[in-house]
Amino acid sequence: MPQYFGKLQTTEQPWSIIGAVESIDKTDRTIHFNCTNSALKISILAPNLIRVRMWPNPPQPGRARGHRPYNGGQEIQSQPPLSKGGQEIKLSPPLSKGGQGGGQSKLHSVTLPDEEWEIVPFEVRETAEKIEIETAQILISVKRDRPAIECFDKSGKPFATDCERAMGWRAGATAGWKRIETDEHFYGFGQRTGLLDKLSEVKTNWTTDSLDYNSLTDEMYQAIAFYIALNPDRAYGIFFNTTFWSQFDIGAETPGVLRMETRDTELDYYIIYGPELAQILATYTQLTGRMPIPPKWALGYHQCRWSYESEDVVRELAREFRDRSIPCDVIHLDIDYMRGYRVFTWSPKRFPDPAKLIADLKAAGFKVVTIVDPGVKYEPEADYEIFDRGVENDYFVRTADGKLFHGYVWPDKAVFPDFMKPEVREWWGELHKSLTDIGVAGIWNDMNEPAIAERPFGDGGEHIWFPLDTPQGPDDDRTTHAETHNLYGLMMAKACAQGLQKLRGDRSFVLTRSGFAGVQRYSSVWMGDNQSLWAHLEMSMPMLCNMGLSGVAFVGCDIGGFAGNATAELFARWMQVGMLYPLMRGHSAMSTAQHEPWVFGDRTEQICREYINLRYQLLPYIYTLFWEAATTGTPILRPLLYHFPRDRTTYHLYDQVLLGPSLMAAPVYRPGVEHRAVYLPEGTWYDWWTGECYHGPTHILAYAPLERMPLYVRGGGIIAIEPVQQFVEERAIDSLKMRIWPGSGEWTLYEDDGHSFEHEKGVWATTNYQVYFEGGKMIVEIAAREGEFAICDREVTVEVVGVGEQQFTDDGTVRRLIF
Ligand code: GLC
């Protein structure tokens, strides 16, 4: 892939740099800087959020709509076109793109339009040297002679400060340069391999089928151009608002300098001040959207394989789970359920009666999720409805010369819907009716980077994508694949989620492999084709943590590893780690050894059962974390730095993780290991298994035989636990246990019916718990239940670990318990 990419590079011309400010204009939200060779616009969208946009040589009033970037007086379009395998690449989008030099919202933007932010007060001060803008939280300063943005918090500490050259452009590219402060570390960047902190790395944003990925892989399935910069004083975030190919160089080329570059003709980014990470993510997800609360069953265990290839195999699989009392809620059907890989069909031989199969599985408590790929089999005159309708309505991608684009995927020669067109999304969404009508409860979107081979399968050949000048989108909003490549997976997931929303009366589950910033609005995400290797088990945690720090909380990796064969030991350790993944799904590839929890013998089976049981016990706690993520953008799985941002030791701590605020895991990622070092940050910590108490900051050596994944709870931690069920909706639960560890803390339990949309109308319940010491006693205060969701009186046991238990019938009224 990288050599293919090389052809996308711009010519290595010197950068033109933004010139002096000649004048400014102010509106109620925006300061326009008229510079000698460019225009700069800073919009104040919230006290901690600004948007920066820069256009090289904006059009004069009366010029055509759109903006034509210049370079040293030469229009970019007059540069020799770059070529990719003989095809021309148009570097600038067509004029229909909403630039207008003053720039309103972009047509393909995923962010909340500026006009939708409430107007907030800010002050503008002008001196001979600079222009200062002050909000309730931050100060932004722009020098007149060399416009560079400097930001300061209220105590005068700098953040997100431009380097000397600040902003610039050259043929087909714009860029910004930020200073990397001493002791600053970088997180987020969407889906990334390697460890947590991305300092000294280069991160490209271009969705790619990155199978065989490893620690050095750059382009991944997901492209999310967002990062969080943290030092012990504060954290801030930057969202690079471009759908074109873009890249961050985080001090790799020039230490101390972060370059962000895009193949777009304007520079557009947001700065989000914290100082805490929670505030950054709250604002970032206000900007790009938050996830809906998924159905509670989607938080249970999912079992998948490429493939459970026939009805008999699937029935047998379901039976095994129930016979062995291993909880499981969801069975995924991979590509072999289809007739010759034709999307929205069933193989009559292998799945003769899918409706009956799904109904029987439902009776046994299983939901069915089917895979849907974007590639539609090219099959004229064969009565393949999807192909015929798509061609008839011109729904498939055509190249610039008007030819139907085709490539090769599972069904071999295939064509691809243009999901940038609203009518195509609508059509595609409706196609799911054939699946939902027979009871399919969720959809798994795959190969949507899009992943396409240039030659028939088995014939070798590179992966390709649509030519970059391929027109995409509706006629009145036409753009090119160069601008929308990164959006293909996101738009497919959107079509799917919106279709399911209309078709099913209940909440659905959507999973996608590719996505872009804001994907959390439509879908959960898994990390694609990982491998059954200890290194991949270890890499999964920082990868998922960085996804969470990029606004995508509902994430998981294939438990056991997709490619290759896990050993019993690797599988057992992976199930322990997988119990912490927000999306807990086991999956494995064709031609690999089976990876179900029971295939490795009794000992491994027992470990799997125990940790899946633990997952099901923790569901009230985990479901509350999903609610939090849906309402505030907070990650479910968090690196320790999320809660301990002043503690430098956490900055590189990639192998321990917090599930929510209280539960910390220190899994084992190597074979034969029975002990591991664990870092406990400041505060009191309790061993989940033994109740032993520790005082941080400290390092301890944890005993971790195969049966045990070290788990700790913070003092004052409150964790809701329910009895194990074999599937989430097995029975009405009439008891709840609140486990509380001595200390002071607070936590709010969230509940609703777990499957309908009633919670959107206020039919939910929250109960706030507070715990503290008073006069040598532990006090537990339970506030009156809020919300309209009715909960039958139930037995609640409050256990203060190591102290004692009290029981009461929970009727939702206030209580004060003394221990
Ligand atoms: C891709 C997916 C994988 C799936 C396979 C067959 O490799 O990433 O999860 O099993 O295709 O559909």
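**Close-up views of a predicted model**

**View 1. The shell around the ligand.** By class, the ligand is surrounded by seven nonpolar, one polar and four charged residues (Ala, Val, Leu, Ile, Met, Phe, Trp, Tyr, Cys and Pro count as nonpolar, Asp, Glu, Lys and Arg as charged, and the others, Gly among them, as polar). This is a predicted model, in which local features need pLDDT of at least 70 and side-chain atom pairs count only at pLDDT 80 or more, whereas totals for chains, interfaces and linings use all residues. Residues are numbered from 1 along each chain as its sequence is written, and side-chain values use heavy atoms, with hydrogens and water left out.

**View 2. Polar side chains at the ligand.** An N or O atom in the side chain of Asp-334 is 2.5 Å from an oxygen atom of the ligand, while a polar side-chain atom of Arg-513 lies 2.8 Å from a ligand oxygen atom and one of His-587 lies 2.9 Å from a ligand oxygen atom.

**View 3. Surroundings of Trp-428.** Trp-428 touches, among others, Val-343, Phe-344, Pro-417 and Met-492, not counting residues up to four places away in sequence (contact means heavy atoms within 4.5 Å).

**View 4. The loop that holds Pro-723.** Pro-723 is placed in the loop between strand 48 (718-721) and strand 49 (735-740), strands being DSSP runs (E, at least two residues) numbered from the N terminus. With a relative accessible area of 30%, Pro-723 is partly exposed, a class that lies between buried, under 20%, and exposed, over 50% (1.4 Å probe, protein chains only). Leaving out residues up to four places away in sequence, Pro-723 touches Arg-731, Ile-733 and Ser-735.

Methods. Polar contact = N/O pair within 3.5 Å; in protein donor to acceptor, adjacent residues only side chain to side chain. Helix = DSSP H or I, 4+ residues; strand = E, 2+ residues; numbered from the N terminus.
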